[in-house]
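Reader: I am a first-year student, and I would like to look closely at one part of this structure and then see how the rest fits around it. Please take me through it slowly.

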Amino acid sequence: MKNRKLYLGPLTDNRRWDVVRIRPDDVFVVTPPKCGTTWMQTIVSLLFSGDPEVETELSVKMPWVDIRIREMPEVAERLEPMQHRRSMKSHTPMDGLPLDDQAQYICVFRHPLDAHFSYRKHVRNIPMTWFDTWYPENDEEGITFRRFLDGGAEGFDTDAMPLAHIIRHYKAAAALSDRPNVSLFHYADMTRDLRGTFFRLADILGTTHSEVVMDQLVQAATFDNMKDKAERYAPSGGKGFFRSDAEFFHSGTSGKWHGKLTAEELAGYDAMMDAHLDPKDREWLEYGSRGNDAA
């Protein structure tokens, strides 16, 4: 943990990375939750294999190292003997991860309000009753959104994904974005140009496939295909981890928060974003490379 920030929550512990021996060709997919993590992992898996029918098995082949569900020795023992090129997932900001000069770090972001509303839906699809206290089904008093605005980026609230934690994620990644092995992607750009995303990532990873194969890989990673084959593409799909694997891919759309927040709630969100980000950074974090004009 030397020179790394400590991130602890009831679900996650970034000290678990201490037992992972990083290889020069490792690929880290680093995101706040519900920002396109599984989508990016799937794209990485497709590019690694060149096979549109590859069994991604993300939870096993590209494990979420931070999560406490599996004992860390078990995860390390699975990672160490892997002969293929490895990829791992993390919801820890970059300042809490081990930084290697050669491994690739793929950081993915999404409009914070879209991520928040997607996360509300997501946790209700997980059969763990204590999630109901974080995100109650009937929230007429707006407790959920107040927690999103008021929760700090430390301790318990880290796993509840408050806005402060999303901002910390972005600022930590942006601070390292001048490194050749740290790349920032945005959900909106991936949605607008999935094919371009594939080619950009293929260049970063040094993978090469024919145009015909790339077209097949892009098709495999479309939202409709992944939702139709949810048991295959959802993390731990078909194993009862979610109440519904298909609901993991609820809609893939943006802007569902429109009309759902009060003027006071939106003002609170705007104030916090403006307090921590300059206008250029805020616009990118919300809308990606094309800005608000393309929203």
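Author: A residue is called buried when its relative accessible area is under 20%, exposed when that value is over 50%, and partly exposed in between. With a relative accessible area of 7%, serine 45 falls under the 20% limit, and therefore it counts as buried. Please keep in mind throughout that this is a predicted model.

Serine 45 belongs to helix H1, which covers residues 37–49. Once its neighbours within four places in sequence are set aside, serine 45 is in contact with Val54, Thr56 and Met62. Glutamate 55 is ten residues from serine 45 along the chain, and the C-alpha atoms of the two are separated by 8.8 Å.

Met62 leads us on to another residue, since lysine 89 is also in contact with Met62. Lysine 89 sits in strand E2, which is made of residues 87–90. Beyond its neighbours within four places in sequence, lysine 89 has contacts that include Trp17, Val29, Thr37, Gln41, Trp64 and Asp66. Although lysine 89 is buried, it has no salt bridge, and the nearest side chain of opposite charge, that of aspartate 66, is 8.3 Å away. A salt bridge needs a side-chain nitrogen of Lys or Arg within 4 Å of a carboxyl oxygen of Asp or Glu.

It helps now to step back to the whole protein chain, which has 15 helices and four strands. Of its 295 residues, 55% are buried. If we take the contacts in the protein chain with a separation of 6 or more, residues 24 or more positions apart account for 71% of them.

The next part to examine is helix H7, residues 163–174. At 1.5 Å a residue its twelve residues should span 16 Å, and the end C-alpha atoms are 16 Å apart, which agrees. Nine of the twelve residues of H7 are buried, so the helix is largely enclosed by the rest of the structure. Among these buried residues are Leu163, His165, Ile166, Tyr170 and Ala173.

The largest nonpolar core has 44 residues, and those that touch the most other members are Met94, Cys107, Phe109, Phe148, Leu163, Leu184 and Tyr269. Helix H7 gives the most to this core, contributing seven residues. There is also a second, separate core of 28 residues, which includes Leu58, Met190, Leu217 and Val218.

Cysteine 107 is buried, because its relative accessible area is 1%. Leaving out residues up to four places away in sequence, cysteine 107 touches Val30, Met94, Ala173, Val182, Ser183, Leu184 and Phe185. Another cysteine, cysteine 35, has 0% relative accessibility and so counts as buried as well. A disulfide is a covalent bond between the sulfur atoms of two cysteines. The number of disulfides in this model is zero.

We can turn last to the charged residues. Side chains of opposite charge can pair when their charged atoms come close. The structure holds 13 salt bridges. One of them joins the side chains of aspartate 18 and arginine 4, at 2.8 Å from N to O. Both residues lie in the segment before strand E1 (27–30), so the pair ties together parts that are 14 residues apart in sequence. Aspartate 18, at 41% relative accessibility, counts as partly exposed, whereas arginine 4 is buried, with a relative accessible area of 15%.

In another salt bridge, the side chains of glutamate 80 and arginine 21 meet at 2.5 Å, N to O. Glutamate 80 is in the loop between helix H3 (72–79) and E2 while arginine 21 is in the segment before E1, so this pair ties together parts that are 59 residues apart in sequence. Glutamate 80 counts as partly exposed at 33% relative accessibility, and arginine 21 counts as exposed at 58%.

A further salt bridge lies within one helix: arginine 282 and glutamate 286 are both in helix H15 (residues 279–287), four residues apart, about one turn of the helix. An α-helix has 3.6 residues a turn, so residues three or four places apart point the same way. The closest N and O atoms of arginine 282 and glutamate 286 are 3.1 Å apart, and both residues are buried. They also take part in a network of salt bridges that links Asp270, Asp274, Arg282 and Glu286.

Definitions and conventions
Residues numbered from 1 in each chain as written. Predicted model: local features only at pLDDT ≥ 70, side-chain atom pairs only at ≥ 80, totals over all residues. Heavy atoms only, no water. Helix = DSSP H or I, 4+ residues; strand = E, 2+ residues; numbered from the N terminus. Buried < 20%, exposed > 50% of the residue type's maximum accessible area, 1.4 Å probe, protein only. Lys, Arg positive; Asp, Glu negative; His and termini not counted. Contact = heavy atoms within 4.5 Å. Expected span 1.5 Å × (residues − 1). Core = buried A, V, L, I, M, F, W, Y, C linked by side-chain atoms within 4.5 Å. Disulfide = S-S within 2.5 Å.
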